[in-house]
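Colleague: I'm new to this one and would like to get to know a single part of it properly. Could you pick one helix and walk me through it?

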Amino acid sequence: MDVEAKSLVVTARRMSPGAVRLLVQRNLSWADANGHADISVPPGLFISRLKPRPLARQAVTAITWSPSTEAVAEFVLCRSVQPPVGLTDTWNGVDRIAQIAEATHVSQGQVAKVLVALDEEGYTAKVGPERGPTAARELRERGRLLSDWAGHYARSARKERRVDLHLMSRDPRGWTELAARKLGRLPWAVSGWVGADTIAPFATSVPDMILYVPVDGFEQALDRLTDDQEVSPVERGGRIHLRSAAHYVFDFTTKSAGETVASPVRVYADLLRAGGRGVEAAEHLREVAIGF
């Protein structure tokens with residue numbers, strides 16, 4: 001064994017599974033900001049603190065992932081990645097109840113209950129006065145909230161409207177150009193592999209694309225897309241997965257090279273749900289574009 005090479009320790013904020021495998025293959029030590037490490041320094045220092053096996057869900061969190069909890073948690077996470085206009089990217093606050101309620105279409109009373117549940121779980125915490133205009137909350141454990149929310153999102157059955165569409169083109173740029181041309185002013189956003197390829201390129205090939213449109217615009221979007229003679233609905237295996245999404249999802253989109261992309265938070269969860277190579281792509285995106 002090359003002593004000098006093994007004495008080198010590679011560090012990073014997060015280590016994706018692919019990065020860990022590469023370092024192990026090169027016989028290199030590593031450590032990340034979460035405290036996970038595999039370090040060997042001859043002649044006698046060995047440190048191994050790898051990621052523990054996931055606990056049962058009830059042991060990890062007591063929170064109930066109702067639709068309202070999912071929506072509020074996603075909104076809070078998206079806001080953490082994209083702070084309000086005029087505030088820096090170090091902002092770690094939580095919007096006021098009325099603002100979250102207006103964006104998510106969840107009642108103010110239910111938003112308040114969800115935020116209390118997030119407080120009790122330690123994800124968020126009140127700061128300053130208990131009540132009044134200066135009362136506020138901050139996101140204390142955003143990394144844990146992202147992992148727990150995205151894990152639930154990936155495992156649970158989604159209730160959005162959905163149709164798979166097939167078209168001859170294998171070029172992802174052709175898919176997004178089709179969306180822009182056919183949908184016009186109707187809100188839309190890409191996610192999954194195409195979203196990840198725009199935000200944080202990882203894969204050498206992009207197999208398909210998730211295309212989100214508002215719930216109340218789904219039929220109109222489907223009619224416009226299938227009006228193209230090269231596009232047809234299929235039972236499975238489509239290159240475009242047309243999906244409905246709540247309106248707040250479109251509050252956090254960004255534009256890049258003519259593409260409208262969903263928040264990295266939503267793209268991350270969609271990649272986890274895809275499984276397989278999507279998990280590694282998700283961890284790469286989390287490290288590059290989310291940062292917690």
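Modeller: Here is a walk along one helix, from its start to the core it faces. Keep in mind that this is a predicted model. The helix is α8, which covers residues 172-183. It has 12 residues and reaches 16 Å from its first C-alpha to its last, close to the 16 Å expected at 1.5 Å a residue.

Start at the N-terminal end, where Asp 171 acts as a cap. One of the side-chain oxygens of Asp 171 lies 3.0 Å from the backbone nitrogen of Arg 173. At the other end, just after α8, Gly 184 takes a positive phi of about 60 degrees.

Now look around the helix. Trp 175, Thr 176, Leu 178, Ala 179 and Leu 183 are buried. These residues sit on the same side of α8 because they cover an arc of only 150 degrees around the axis. Turn to the face pointing away from that buried side and you'll find Arg 173, Glu 177 and Arg 181, which are exposed.

What do the buried residues of α8 pack against? Their partners are the helices α9 (192-199) and α10 (218-226), along with the strands β8 (189-191), β9 (209-214), β11 (240-245) and β13 (259-261).

Two of those buried residues, Ala 179 and Leu 183, turn up again among the contacts of Leu 211, which also touches Trp 188, Leu 225 and Ile 240, among others. Leu 183 and Leu 211 also stand out in the largest nonpolar core, which has 72 residues: together with Trp 149, they have the most contacts inside it. The largest share of this core, 8 residues, comes from another helix, α4 (residues 67-81).

Note on methods
Residues numbered from 1 in each chain as written. Predicted model: local features only at pLDDT ≥ 70, side-chain atom pairs only at ≥ 80, totals over all residues. Heavy atoms only, no water. Core = buried A, V, L, I, M, F, W, Y, C linked by side-chain atoms within 4.5 Å. Buried < 20%, exposed > 50% of the residue type's maximum accessible area, 1.4 Å probe, protein only. Helix = DSSP H or I, 4+ residues; strand = E, 2+ residues; numbered from the N terminus. Contact = heavy atoms within 4.5 Å. Expected span 1.5 Å × (residues − 1). Arc of directions from axis to C-beta. Polar contact = N/O pair within 3.5 Å; in protein donor to acceptor, adjacent residues only side chain to side chain. Lists of a residue's contacts leave out its neighbours within four places in sequence.
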